[in-house]
Amino acid sequence: MITGELKNKIDSLWEIFWTGGLTNPLDVIEQMTYLMFIRDLDDADNLRAKESVMLDVPYQSIFTEEVMIGDRRIVGNQLKWSVFHDFPAQKMYSTVQEWVFPFIKNLHGNKESAYAKYMGDAIFKIPTPLMLDKIVTAMDEIYAQMELLKKADTRGDVYEYLLSKLATAGVNGQFRTPRHIIKMMVELMDPKVNEVICDPACGTSGFLVAVSEYLKDNKKEEVLFDRKNKEHYMNHMFHGFDMDRTMLRIGAMNMMTHGVDNPYIEYRDSLSDQNSDREIYSLILANPPFKGSLDYDTVSSDLLKMCKTKKTELLFLSLFIKMLQTGGRCACIVPDGVLFGSSKAHKAIRKELVEENCLEAVISMPSGVFKPYAGVSTAILIFTKTGHGGTDKVWFYDMRADGFSLDDKRTAIKENDIPDILQRFHSLEQETERKRTEQSFFVEKNEIVENEYDLSMNKYKEIEYIPIEYPSTREIMANLHELEEEVAKSLAELDEMLKQENNG
């Protein structure tokens, strides 16, 4: 969560847009995103140049000595944020409008790339040089504050906070997934360097960015220093679909800023016949929409065969199973109702997971995890597609704390189950002796079947009652009589004192 000084600075930046005449929240976020991207390009280019020197490998800066903008040759250095932010307002404005913006719109050579698709219609909407000058100064202050915080996920938190300002946030179930929950899910799945990954409801590409960062942090040599793996990482590993072009644009820029040159991010209704991807992906990570409008007539028929419903959360679970290749894995967030809902469709999808595939884990999360955007209770389902069963027992974990208070403020606290979840999930063989009274335990498949595939932890949890011995009724009555006598005695003494005072 964004709090304190950083929040105030972002609010002040928003106010600059607002008072300058840009009042549509989507426009504000798009313009902010473009400018953040321009600034990040400069930072990323400098970082890669330093790394190339350290590693003694060649690197061609995107800000080469001369850059072609239309039919003009421009000194590339002038397109760098660190250079033009010192220009006088009028010169800065003309530089950004006439040179920098066309430069970033045509930055990616592949016209079929996600970046080219969603930047092609990007428009520079900041109306005056003075307003741009104020915005650039304010953004420099925001980046300085982010640097002071020294948190790796601050950039993601800034995006999350900006997007929370959208009036439409939550209308289609599009509330943001907290960065630390995304990170936990990625670490649970431990992506490999040859994965083909998809998020069919990708939004701003939070899960895809987190996987790219995880691989760079944990498997850097395998990913970046192996030609075949690097080519796969840059061009074929990451796939994301969404129905919001603004989100897709932000997602494409987010991925490119994080060093993935050509992710496959596409405008697509994942639940419709428009999405023909079947048995392709080795890993799916997602937090699909739980509500919102659904055109039932366009839903793919093979999804309805598995689960006939209008509930998007159930249809997305069906979709994940269909999109995964055999042996492919999935970690997804679902509302609690999926775990215990009694409708035919609810039971059908749970039966599909337990009987036809290998359901590995159900991690229940507290309802405050998505505050302040939503108070819904959720869980993480982890499963492997087998097509022929494989569920012997399912691991349940009751997450009670995620490192933040569970109110709207979401301030940092000491209590945090995430490290324990990660440690236990990666050592499941040590969980077999855990009792049902503990925070995590296994449940055998046959017991789940007997309970109509109910996956709510409370169904299997045992509450340990500690016997408390109370005194007998005779003792209680004796104590009451003693107290009564003491009260009567005290009242008599008080009465006597009052009489003496009146007589005196």
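## Exercises on a predicted chain

R410 sits in the loop between β11 (402–404) and β12 (412–416). Keep in mind that the model is predicted, and let's work through it.

### Exercise 1: two backbone oddities

Task: Find what is unusual about phi of R410, and decide whether R410 is buried or exposed.

Solution. Start with the backbone: R410 is not a glycine, yet its phi is positive, at about 50 degrees. Next, check the cover. The relative accessibility of R410 is 4%, so it counts as buried, given that buried means under 20%.

Now run the same check on Y453. Phi of Y453 is near 60 degrees, again a positive value in a residue other than glycine. Its place is the loop between α18 (445–450) and α19. Y453 has a relative accessible area of 11%, so it is buried.

### Exercise 2: the partners of D190

Task: Work out which lysines form a salt bridge with D190, and how far apart the closest N and O atoms are in each case.

Solution. Step one is K192: D190 forms a salt bridge with K192, and the closest N and O atoms are 3.6 Å apart. Step two is K219, where D190 forms a salt bridge with the closest N and O atoms 3.1 Å apart. The pair of D190 and K219 links distant parts of the chain, 29 residues apart. D190 is in the loop between α8 (179–189) and β3 (197–199), while K219 is in the loop between α9 (206–218) and α10 (220–224).

Step three is exposure. D190 counts as partly exposed because its relative accessibility is 24%. K192 has 36% relative accessibility, so it is partly exposed. K219 has a relative accessible area of 13%, which means it is buried.

As background, side chains of opposite charge can pair when their charged atoms come close.

### Exercise 3: a charged network

Task: Take the salt bridge between R424 and E431, find the distance between the closest N and O atoms, and list the network of salt bridges that R424 and E431 belong to.

Solution. Begin with the pair: the closest N and O atoms of R424 and E431 are 2.7 Å apart. Then look at the cover on each side. R424 is buried because its relative accessible area is 17%. E431 has a relative accessibility of 2%, so it is buried too. Finally, widen the view: the network of salt bridges links D420, R424, E431, R434 and E438. Over the whole structure, you should count 29 salt bridges.

### Exercise 4: walking along helix α19

Task: Follow helix α19 (residues 473–503) and describe the surface patches that include E482 and L494.

Solution. First stop, E482, which is in α19. Together with E484, E485 and E486, E482 forms a negative surface patch. E482 has 47% relative accessibility, so it counts as partly exposed.

Second stop, L494, also placed in helix α19. L494 joins V487, L491, M497 and L498 in a nonpolar surface patch of about 490 Å². With 46% relative accessibility, L494 counts as partly exposed. Both residues clear the patch cut-off, because patch members need over 30% relative accessible area.

Third stop, Q500, which lies in α19 as well. Its relative accessible area is 52%, so Q500 is exposed, the cut-off being over 50%. To get a feel for the span, pair Q500 with R48: the two are 452 residues apart along the chain, and their C-alpha atoms are separated by 95 Å.

### Exercise 5: zooming out

Task: Sum up the chain as a whole: secondary structure, box, burial, contacts, surface and charge.

Solution. Take the items in order.

- Secondary structure: you get 19 helices and 13 strands.
- Box: along the principal axes, the C-alpha atoms fill roughly 105 × 80 × 50 Å.
- Burial: 52% of the 504 residues count as buried.
- Contacts: of those with a separation of 6 or more, 72% come from residues 24 or more positions apart.
- Surface: the accessible surface is about 24,800 Å², and carbon and sulfur atoms own 51% of that.
- Charge: there are 60 positive and 81 negative side chains, with the centres of the two sets 5 Å apart.

Methods. Residues numbered from 1 in each chain as written. Predicted model: local features only at pLDDT ≥ 70, side-chain atom pairs only at ≥ 80, totals over all residues. Heavy atoms only, no water. Patch = residues over 30% accessible without salt bridge, like charges linked within 9 Å, V, L, I, M, F, W, Y side chains within 5 Å. Areas by Shrake-Rupley, 256 points an atom, 1.4 Å probe, with all protein chains shown as cover. Salt bridge = Lys/Arg side-chain N within 4 Å of Asp/Glu carboxyl O. Lys, Arg positive; Asp, Glu negative; His and termini not counted. Charge placed at Lys NZ, Arg CZ, Asp CG, Glu CD. Helix = DSSP H or I, 4+ residues; strand = E, 2+ residues; numbered from the N terminus. Buried < 20%, exposed > 50% of the residue type's maximum accessible area, 1.4 Å probe, protein only. Contact = heavy atoms within 4.5 Å.
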